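Biologist: Hi, could you walk me through this one? I'd like to get a feel for the contacts before I set anything up.

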Amino acid sequence: MTEIRNVEAELSHFRTRVLVAGLLVIVAFGLVAARMVYLQVVRHDDLLAQAESNRTAVLPVVPNRGQILDRKGRVLATNFSAYTLEITPSKVEDLDATIDALAEVVEIHPRDKRRFRKLLDESRSFDSLPIRTRLSDDEVARFAVQRYRFPGVDVRARLIRHYPNGDVASHVVGYIGRINQREKEAIEEWPEEEQANYRGTDYIGKLGAEQQYERELHGVTGFEQVETSAGGRAVRSLANTPATPGNTVVLAIDVQLQKLIEDMFGQRRGALVAIDPRSGEVLAFVSKPTFDPNLFVEGIDVENWKALNESLDKPLLNRALRGTYPPGSTYKPFMALAALETGTRTASNVINDPGFWMFGNHRFRSHGDGGLGPVDMARSIIKSSNVYYYSLANEMGVDAMHDFMAPLGFGQITGIDLRGELRGVLPSQEWKRNTFKRPEQQRWYAGETISLGIGQGYNTFTMLQLAHAMATLANGGNKYTPHLTLATEDVLTRERTLQVDQTPVNLGYKPEHVKTILQAMHGVTTEGTSARVFAGAGYLSGGKTGTAQAVTIGQKDKYDARKLEEHQRDHSLYVAFAPLDQPRVALAVVVENAGFGSAHAAPIARRVFDFLLMDQYPNAQDLAAVQKGEAAAPIGTPLKASEMPWPPEEPAIPAALRAAP
């Protein structure tokens, strides 16, 4: 059978298919053309920028951190350049195997591994962390040859912070350390401009001036645009915005004086703050024991951290800022001033001191086993009568004492340019109601007022507060905010900027009242408890010794240091100013658990004054005696402070004369 084909129908179907195919091709080419127009014309600028970004990278250039200097320009904190071997954990498959392999190329100590693990716990996996610092040129060369074996490991040139004086003034200068997670989260809350300034920054100030003046010391981050290869490595630099180094911070302290005071403490614990009453400048700010801030720069190892953190001496505690102590008898001059200013007593009022004071059936004891007899205000300070101030406290009452002492800075934040200052306790009835929970604890009892008059009871203050109050009194009631920093110096223009408002607040004391107190304090150095210490001084000064209880001793019990553990013994305190007519320095010092103020604290104060006013420096024999609490007036011929070498020659004291640990 012959099939009859419909040619016309087939041609019609063919033409239809060709037309559809042609339309599809035209639509496809149209879409391609439209996409090309969209990409090449509409998004040209955006895609060009992305392509350029893929070809280039913008890298932050971390600025050199600013220096910290003392008032005479001596360096307290600086930088040096060194090579660091660093690992980015997120780019390493087997971290332990990589570290073991690296140890065959570059020497890696067990402490380096422990420090790396500590940093790893505190950081994110994509951070670059140092496994070895301060590589030698030979070590850098050995690693460079075998770098291909270690993806995620690289050698970087970094500026490393250095504290050339070691543990001297460590609580003042502070230290820097790697930015931890908490600090990163805090930075994310900063304004965008400030966040951008910390891109690429791994270290930040953690304590002291390093922390307080972080923004000044950090500088301004620069940026470098580099051309990169397909593997992401920099090929060449295209553009460069240089970083601006951080500013220089100039402190008011004299580091030579600071070291002398720290040496005089020896192995003892304590604190000393010396202030210029005319300006509030802090001339010395000592906390003993100290620590070496260099340990923290590269990440402190476990052993050193444990030794510092668990030591019974608490070297990380800034005792001048955060140590609170009963002021003891050093409080009496301020109580006497309160009596005059409030009209509670006159300077000529006489109180009989039989050696005790009765309040109800309770006996408050005074000087040793005997009394002082009739005492007026001057004699009460010179001979340190407890009875005089027991009765005065009872007459004034706790709230009147609080209201007078608060403007002097007791129990208040002084506003010094350091973070972490403690307030201490200046008690009042309101304070007690807010502090305790049970109603019977919240009630103020009349007997609690008595011991406040001699600087005991609830009174606890810092040496900064005592020195601040002493400076205000010595300056006639004109109060300056204490400050550790003189100025910041612009690294480019050398222009200095003051950091603290130096406008004083006048507390309105009558000049004759101030003179009465200062003259009585001068009597302490000529016929009172510190007369032996200031014998032969080439200037006139005023002071007040104090002995503050570390633990409560019963009124019927006699204090015997030999029967107490070392940490239970009384603290030795001294407040002072000099010269008498126009004071240039006021200070407060405490030697913990050392006993009487005249034996341990006052000799340190004498030599501070000798240094500042007479350009004198104790000789080795005298320095050793002060360390042991066996000195009064200086022994032998003092040295000339201005001729002492800096940095000091070591050892400063012959081994035979050093105080026993």
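**Rings, charges and a surface patch**

Modeller: Happy to. At 33% relative accessibility, Trp305 counts as partly exposed. Keep in mind that this is a predicted model.

Biologist: Which residues share an aromatic cluster with Trp305?

Modeller: Tyr175, Phe291 and Phe296 join Trp305 in one aromatic cluster. Of these, Phe296 is buried, with a relative accessible area of 8%.

Biologist: And how many aromatic pairs are there by the ring rule?

Modeller: The count comes to 22 aromatic pairs. Phe296 and Trp305 give one example: their ring centres are 6.4 Å apart and the planes sit at 85 degrees, so this pair is edge-to-face.

Biologist: What do you use to describe a ring pair in general?

Modeller: Two things: the distance of the centres and the angle of the planes.

Biologist: Okay, back to Phe296 for a second. Why does Phe296 count as buried?

Modeller: Phe296 has a relative accessible area of 8%, and buried means under 20%. There is another ring pair to look at: Phe334 and Phe410 have centres 5.2 Å apart and planes at 75 degrees, and because that angle is over 60 the pair is edge-to-face.

Biologist: Where do Phe334 and Phe410 sit in the chain?

Modeller: Phe334 is in helix α15 (residues 332-342), while Phe410 is in the loop between α18 (398-405) and α19 (429-435). The pair links distant parts of the chain, 76 residues apart.

Biologist: Are Phe334 and Phe410 buried or exposed?

Modeller: Both of them, Phe334 and Phe410, are buried.

Biologist: I'm also after charges over rings. What lies over the face of Trp646?

Modeller: That would be Arg74, at 5.6 Å from the ring centre. You'll find a similar arrangement at Tyr388, where Arg345 lies over the ring face at 4.5 Å from the centre.

Biologist: Nice. Switching to salt bridges: how many does a search of the whole structure find?

Modeller: The search finds 33 salt bridges. One of them pairs Arg158 with Glu86, with the closest N and O atoms 2.3 Å apart.

Biologist: Which strands hold Arg158 and Glu86?

Modeller: Arg158 is in strand β5 (residues 153-162) and Glu86 is in strand β3 (residues 75-87), with their positions 72 residues apart in the chain. Arg158 is buried at a relative accessible area of 16%, and Glu86 counts as buried at 2%.

Biologist: What about Arg134, which side chain does it meet in a salt bridge?

Modeller: Arg134 meets Glu298, at 2.9 Å from N to O. Arg134 lies in strand β4 (residues 129-135) and Glu298 in the loop between α12 (294-297) and α13 (302-310), so this pair ties together parts that are 164 residues apart in sequence.

Biologist: Is Glu298 buried or exposed?

Modeller: Glu298 counts as buried, at 10% relative accessibility. Its partner Arg134 is at 41%, so Arg134 counts as partly exposed.

Biologist: And what does Arg269 pair with?

Modeller: Arg269 forms a salt bridge with Glu592, the closest N and O atoms being 3.1 Å apart. The two are 323 residues apart: Arg269 is in the loop between α11 (255-265) and β11 (270-275), and Glu592 is in the loop between β23 (585-591) and α24 (597-614). Arg269 and Glu592 are both buried.

Biologist: Which residues are joined into one network by salt bridges that share partners?

Modeller: Those are Arg65, Arg161, Glu210 and Glu214.

Biologist: Let's move to the surface. Which residues form a nonpolar patch there?

Modeller: Val37, Tyr38, Val41 and Val42 do, with about 380 Å² of accessible area together. Val42 lies in helix α1 (residues 7-42), and at 59% relative accessibility Val42 counts as exposed.

Biologist: Last topic, the whole chain. How many helices and strands are there?

Modeller: There are 25 helices and 25 strands. The chain has 661 residues, and buried ones make up 50% of them. It exposes about 31800 Å², with carbon and sulfur atoms supplying 52% of that.

Biologist: And what share of the contacts join residues at least 24 apart?

Modeller: It's 73%, taken among contacts between residues at least 6 apart in sequence.

Definitions and conventions:
Residues numbered from 1 in each chain as written. Predicted model: local features only at pLDDT ≥ 70, side-chain atom pairs only at ≥ 80, totals over all residues. Heavy atoms only, no water. Patch = residues over 30% accessible without salt bridge, like charges linked within 9 Å, V, L, I, M, F, W, Y side chains within 5 Å. Areas by Shrake-Rupley, 256 points an atom, 1.4 Å probe, with all protein chains shown as cover. Salt bridge = Lys/Arg side-chain N within 4 Å of Asp/Glu carboxyl O. Helix = DSSP H or I, 4+ residues; strand = E, 2+ residues; numbered from the N terminus. Buried < 20%, exposed > 50% of the residue type's maximum accessible area, 1.4 Å probe, protein only. Contact = heavy atoms within 4.5 Å. Phe/Tyr/Trp six-rings, centres within 6.5 Å; stacked < 30°, edge-to-face > 60°. Lys NZ or Arg CZ within 6 Å of the ring centre and 35° of its normal.
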